[in-house]
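Biologist: I am new to this structure and would like to understand one part of it well before I look at the rest. Please choose a single element, look at it closely, and explain how it sits among its surroundings.

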Amino acid sequence: MRFSGLLYQAGPLTVIPYRLCVHPEAGPLFWYDEQAADALGPGFRRGDAALSQHVPRGASLSAEACDLAFELMSQAFTRYFADQVPRVVTCTSWLLDEQLAEYLPASSNIIGFQRRFEVVPGGRDDAEEILTHVFGPDRPGDLSQLPEDTTLQRAVLQHLRAGRNWRVRTGWIALPPSGEPSV
């Protein structure tokens, strides 16, 4: 995607431009609601330009790194896509699972990242996604063989051993116009 010009780096985060849509199979805005979009105004309607934001494994989610990423997104897309400047950034990720707040301190970067987004109803159970991101794709299949070196690793395993599942959630954030303060 990077080589074809579809994936852009913005600080520690990556984004893919797309158009808002309503079909459940068409992208991260499976929650899209026409009335809510109309209330939010231009930039949030079907067909409007948007950015799908991704967090590469190991990327910093510090407040400073995220502020920089959203500012870079705003500047770059205002400059290079002036005819259709995206006003909304969406994220569909295990990082937005509110259950993480049960295990991580309120001061953690992951919880700070979550607070930036308006998380929408729904989601899907997907323990495999969080296991892959936290422990890597080549990890042992047996949970007892996984390391518990970090608070996040311990949280993921404790949650799964208790018979619970992790969820992938979708959230959105309004992208500030270039030149305005970061999110």
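**A close look at helix H2**

Modeller: Phe70 and Phe117 are both buried, and one of them, Phe70, leads straight into the part I have chosen, helix H2, which covers residues 63-80. Please keep in mind throughout that this is a predicted model.

It helps to place the helix in the whole first. The protein has 183 residues, of which 44% count as buried, and its secondary structure consists of 5 helices and 7 strands. Read from the N terminus, these elements follow the order β-β-α-β-α-β-α-β-β-α-α-β. If one takes the contacts between residues at least 6 apart in sequence, 71% of them join residues at least 24 apart. The accessible surface amounts to about 9,500 Å², with 53% of it belonging to carbon and sulfur atoms.

Now to the helix itself. Its 18 residues should span 26 Å at 1.5 Å a residue, and because the C-alpha atoms at its ends are 26 Å apart, the expected and the computed span agree. The buried residues of H2 are Ala65, Cys66, Ala69, Phe70, Glu71, Met73, Ser74 and Phe77. In reading that list it is useful to know that an α-helix has 3.6 residues a turn, so residues three or four places apart point the same way. As for what lies over these buried residues, the cover includes E1, strand E2 (13-19), strand E3 (49-54), E4, H3 and E7.

At one end of the numbering, Ala63 belongs to helix H2 and is partly exposed, with a relative accessible area of 41%. Leaving aside neighbours within four places in sequence, Ala63 is in contact with Asn109 and Arg116. The C-alpha atoms of Ala63 and Arg116 are separated by 9.8 Å, although these two residues are 53 residues apart along the chain.

Cys66, which has a relative accessibility of 0%, counts as buried. Its sulfur is 9.8 Å from the closest cysteine sulfur, that of Cys91, which is too far for a bond. Seen from the other side, Cys91 is likewise in no disulfide, with the sulfur of Cys66 as its nearest cysteine sulfur at 9.8 Å. Cys91 also counts as buried, at 1% relative accessibility, and the structure as a whole holds 0 disulfides.

The aromatic residues of the helix give further links. A search of the whole structure finds 4 aromatic pairs. One of them is formed by Tyr8 and Phe77, whose rings meet edge-to-face, 5.4 Å centre to centre and with 75° between the planes. Since Tyr8 lies in strand E1 (residues 8-10) and Phe77 in helix H2, this pair ties together parts that are 69 residues apart in sequence. Tyr8 is partly exposed, with a relative accessible area of 30%, whereas Phe77 is buried, with a relative accessible area of 4%. Phe70 and Phe117 form another edge-to-face pair, 6.4 Å centre to centre and with 65° between the planes. Because Phe70 lies in helix H2 and Phe117 in the loop between helix H3 (109-115) and strand E5 (118-119), this pair ties together parts that are 47 residues apart in sequence. Phe70 and Phe117 also belong, together with Phe113, to one aromatic cluster.

Finally, one of the elements that cover the buried residues of H2, strand E7, deserves a few words of its own. Of the 8 residues of E7 (residues 167-174), 6 are buried, so this strand is largely enclosed by the rest of the structure. Strand E4 (residues 88-93), which is also among the elements covering H2, pairs with E7 in the antiparallel sense over 6 bridges, and there Val88 stands opposite Ala174. E5 pairs with E7 over 2 bridges, again in the antiparallel sense, with Val119 facing its bridge partner Gly171. Strand E6 (residues 124-125) is joined to E7 by 2 bridges, the two strands running antiparallel, and Arg124 stands opposite Val168.

Note on methods. Residues numbered from 1 in each chain as written. Predicted model: local features only at pLDDT ≥ 70, side-chain atom pairs only at ≥ 80, totals over all residues. Heavy atoms only, no water. Helix = DSSP H or I, 4+ residues; strand = E, 2+ residues; numbered from the N terminus. Buried < 20%, exposed > 50% of the residue type's maximum accessible area, 1.4 Å probe, protein only. Contact = heavy atoms within 4.5 Å. Areas by Shrake-Rupley, 256 points an atom, 1.4 Å probe, with all protein chains shown as cover. Disulfide = S-S within 2.5 Å. Phe/Tyr/Trp six-rings, centres within 6.5 Å; stacked < 30°, edge-to-face > 60°. Pairing = 2+ DSSP bridges. Expected span 1.5 Å × (residues − 1).
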